[in-house]
Amino acid sequence: MGSQLHSGFDFLPAYLDRAEQEALLATLQPLIEAAPFFRPTMPKTGKTFSVEMTNLGARGWVSDREGGYRNQATHPFTGLPWPQIPDVLLTLWRQVADYPILPEACLVNLYRTGAKMGLHVDGDERDPKAPVVSVSLGDQAIFRLGGPQRGGPTTSLKLSSGDVVVLGGASRHFYHGIDRVLSGSSSLIPGGGRINLTMRVVG
Ligand code: MD3
Ligand code: FE
């Protein structure tokens with residue numbers, strides 16, 4: 001059990017050591033080659049996200065102007081099913097999630113220079129009791145966590161490579177975002193940047 005700053009929010013700093021981070025990245029590399037990063041676009045406006053994304057698992061998260069936010073079984077550009085979530089991530093889920101169902105989706109976010117993610121609440125997973133498990137790799141990021149309502153007080157937390165966060169309980173529905181990534185703060189990812197993995201039960 002790490003430090004619980006908010007109800008159900010569990011921060012597990014340096015959960016993965018450097019060798020484990022390198023091994024996880026090596027496991028991800030061929031999966032990302034099969035399901036390349038793409039830039040989602042916002043519903044209606046078509047504005048592009050600065051974060052690049054791909055998914056693993058049966059039900060990946062995608063967004064575009066025409067179809068809006070949704071979960072789907074195939075990559076929007078290759079048309080292929082997403083690669084399976086690797087065992088090393090399912091093992092991590094079993095260790096930290098305290099939940100009897102395995103994740104069906106793992107969103108992979110890539111933050112290159114200047115990428116950020118505005119304050120938002122995660123959408124419509126049908127099982128509201130299921131936690132989200134997040135793993136950070138590469139450059140450090142300034143993460144902002146609010147409460148259930150937009151405009152309420154927020155706290156910020158630096159997320160470093162190897163940190164794991166479990167979002168359970170009430171925190172699962174809290175506003176959150178990534179204000180910025182500290183470019184050059186880690187040597188893990190070739191070409192620099194940050195990867196964040198979020199495992200979810202989609203239902
Ligand atoms: C707090 N990702 O993919 S991970 C996202 O670092 C997302 O890429 C961020 O927000 C990233 O939706 C933050 C940590 C995280 C994930 C889900 C949460 C924090 C959360 C859900 C509710 C509250
Ligand atoms: Fe989110």
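**Exercise 1.** In this predicted model, identify which residue of β10 is the bridge partner of L145, and then place the strand pair within its sheet.

*Solution.* The bridge partner of L145 in β10 is T155. Widening the view from this residue pair to the strands, we find that β9, covering residues 141–145, is joined to β10 by 5 bridges, and that the two strands run antiparallel. The next step is the sheet itself, an open one of 4 strands in the order β7-β12-β9-β10 with antiparallel pairing. Since β7 (117–120) and β10 (155–159) each have a single partner strand, they stand at the edges, and therefore one side of each is left without a neighbour in the sheet. On average, and with direction ignored, neighbouring strands of this sheet are turned by 25° against each other.

**Exercise 2.** Determine which protein atoms act as donors to the iron ion (ligand 2), and work out how these donors are spaced along the chain.

*Solution.* The protein donors are NE2 of H120, OD of D122 and NE2 of H176, which lie 2.0 to 2.1 Å from the iron ion. Read along the chain, the donors follow the spacing H-x1-D-x53-H. The longer gap in this pattern corresponds to D122 and H176, which are 54 residues apart and link distant parts of the chain, D122 sitting in the loop between β7 and β8 (132–138) and H176 in strand β12 (residues 176–181). As a last step, the accessibility of these two donors can be added: D122 and H176 are both buried.

**Exercise 3.** Decide whether S186 and I195 are buried or exposed, and describe the surroundings of each residue.

*Solution.* Begin with S186, which is found in the loop between β12 and β13 (194–200). Its relative accessible area is 18%, and because the cut-off for a buried residue is under 20%, S186 counts as buried. Apart from residues up to four places away in sequence, S186 touches R18, G138 and D139.

Turning to I195, its place is in strand β13, and with a relative accessible area of 4% I195 is buried as well. Leaving aside neighbours within four places in sequence, I195 is in contact with L25, V108, N109, L110, V135, S136, L137 and I189.

**Exercise 4.** State how many aromatic pairs the structure holds, and find which residue lies over the face of Y111.

*Solution.* The structure holds 5 aromatic pairs, and ring pairs link F38, F77 and W82 into a cluster. For Y111, the residue over the ring face is R194, at 5.1 Å from the ring centre.

Methods
Residues numbered from 1 in each chain as written. Chains lettered and ligands numbered in written order. Predicted model: local features only at pLDDT ≥ 70, side-chain atom pairs only at ≥ 80, totals over all residues. Heavy atoms only, no water. Pairing = 2+ DSSP bridges. Axes fitted to C-alpha atoms, helices over the stretch in contact; angles between N-to-C directions. Donors = N, O, S within 2.8 Å, 3.2 Å for Na, K, Ca; no water. Buried < 20%, exposed > 50% of the residue type's maximum accessible area, 1.4 Å probe, protein only. Phe/Tyr/Trp six-rings, centres within 6.5 Å; stacked < 30°, edge-to-face > 60°. Lys NZ or Arg CZ within 6 Å of the ring centre and 35° of its normal. Contact = heavy atoms within 4.5 Å.
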